Amino acid sequence: INRFINFFWFVIIIIIPLLLFALRYDIGEDYGNYEAMFELAQSNNTLFHYYFPDIEIGNQFLMKLGFWIFGSVTGVFALYSILTLVILMLAVLYYQDRIPLFSAIMITYVLYYPATYNTVRQALAIAIVLFSFRFIEQKKLLHFIVCIIFAMLFHSTAFIAIPFYFYYNAETKFNQILEKIIFAGYIFLP
């Protein structure tokens, strides 16, 4: 019965932001761009590749899948939202013994979730990267790299997370030097 209660709360936590994200209309700076991209991906493959030549393959697949399942732009937004929120919540749940779950979810919804309205593709990639951090801790490089490659299917910039593995698992002396370099960069670079 505990599993059922946990699953129930998991669904409740995800359903409200999912509905807000999927049923939004013209909310977010890039809404019109995403709407055009989603519709073009569905209707005309040649024009889609002309206007969006560098779109990641994972996004192409999700757009087509969203239209196939739901038949609308709203459905594509819903699919992105479902994947982003479920992966993000799985990432948060992993750390529930270190941070109170309610606090983690509130921080996530206040700081991360609003940005997903403007960065649909990148938000999904970030959620996958956050999920992959467990493998840094567990020192499972292959699992971590697979997650990063999967994230790159939705946004190519996910590769910048790769150094985190080596930073976390490096010797203390190396970490101290790297921290000083990063700190100096924050102070001296605008």
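**Exercise 1. Find how many residues H1 has in this predicted model and how its span compares with the expected one, then locate its kink and identify what its buried residues pack against.**

Step 1. In this predicted model, H1 has 21 residues and reaches 30 Å from its first C-alpha to its last, which is close to the 30 Å expected at 1.5 Å a residue.

Step 2. Despite that agreement in span, H1 carries a kink of about 30° at isoleucine 15, and the kink lies shortly before proline 17.

Step 3. Turning to burial, the buried residues in H1 are Phe10, Ile14, Pro17, Leu18, Phe21 and Ala22, so that Pro17 counts as buried under the 20% cut-off on relative accessible area. The packing partners of the buried residues of H1 are H5, H6 and H7.

**Exercise 2. Describe the largest nonpolar core: which members touch the most others, and which element gives the largest share?**

Step 1. The core holds 48 residues, and those that touch the most other members are Phe38, Met63, Phe77, Tyr80 and Met89.

Step 2. Two or more residues are given to this core by each of H1, H2 (31-43), H4 (57-70), H5 (73-94), H6 (101-112), H7 (120-137) and H8 (141-152). H5 supplies the largest share, with 10 residues.

Step 3. Taking phenylalanine 38 as a worked case, and leaving aside residues up to four places away in sequence, its contacts are Met63, Phe67, Val73, Val76, Phe77 and Tyr80.

**Exercise 3. List the salt bridges of the whole structure, and decide for arginine 121 whether it is buried or exposed.**

Step 1. As background, side chains of opposite charge can pair when their charged atoms come close. A search of the whole structure finds three salt bridges.

Step 2. One of them joins arginine 121 to glutamate 56, with the closest N and O atoms 2.6 Å apart. This pair links distant parts of the chain, since arginine 121 sits in helix H7 and glutamate 56 in the loop between H3 (45-51) and H4, 65 residues apart.

Step 3. Arginine 121 has a relative accessible area of 16% and is therefore buried, and glutamate 56, at 12%, likewise counts as buried.

Step 4. Another bridge pairs glutamate 137 with arginine 98, the closest N and O atoms being 2.5 Å apart. Because glutamate 137 lies in helix H7 and arginine 98 in the loop between H5 and H6, this pair ties together parts that are 39 residues apart in sequence.

Step 5. Arginine 98 also forms a salt bridge with aspartate 97, here with the closest N and O atoms 3.9 Å apart, a value to be read against the cut-off of 4 Å. Asp97, Arg98 and Glu137 are thus linked in a network of salt bridges.

Step 6. Within this network, aspartate 97 is exposed at 63%, whereas arginine 98 at 48% and glutamate 137 at 26% count as partly exposed.

**Exercise 4. Determine where lysine 139 is found and what its phi is near, and state which element has the lowest mean pLDDT.**

Step 1. Lysine 139 is found in the loop between H7 and H8, and its phi is near 55°, a positive value in a residue other than glycine. Most residues other than glycine have a negative phi. The residue is exposed, with a relative accessible area of 57%.

Step 2. For confidence, the chain has a mean pLDDT of 80, with 89% of its residues reaching 70 or more. Among its elements, H10 (residues 172-188) has the lowest mean, 68, and H8 the highest, 95. Where pLDDT is low, the predicted coordinates should not be read in detail.

Conventions. Residues numbered from 1 in each chain as written. Heavy atoms only, no water. Core = buried A, V, L, I, M, F, W, Y, C linked by side-chain atoms within 4.5 Å. Buried < 20%, exposed > 50% of the residue type's maximum accessible area, 1.4 Å probe, protein only. Helix = DSSP H or I, 4+ residues; strand = E, 2+ residues; numbered from the N terminus. Contact = heavy atoms within 4.5 Å. pLDDT = per-residue confidence, 0-100. Expected span 1.5 Å × (residues − 1). Bend = angle between axes of the 7 residues up to and from the residue. Salt bridge = Lys/Arg side-chain N within 4 Å of Asp/Glu carboxyl O.
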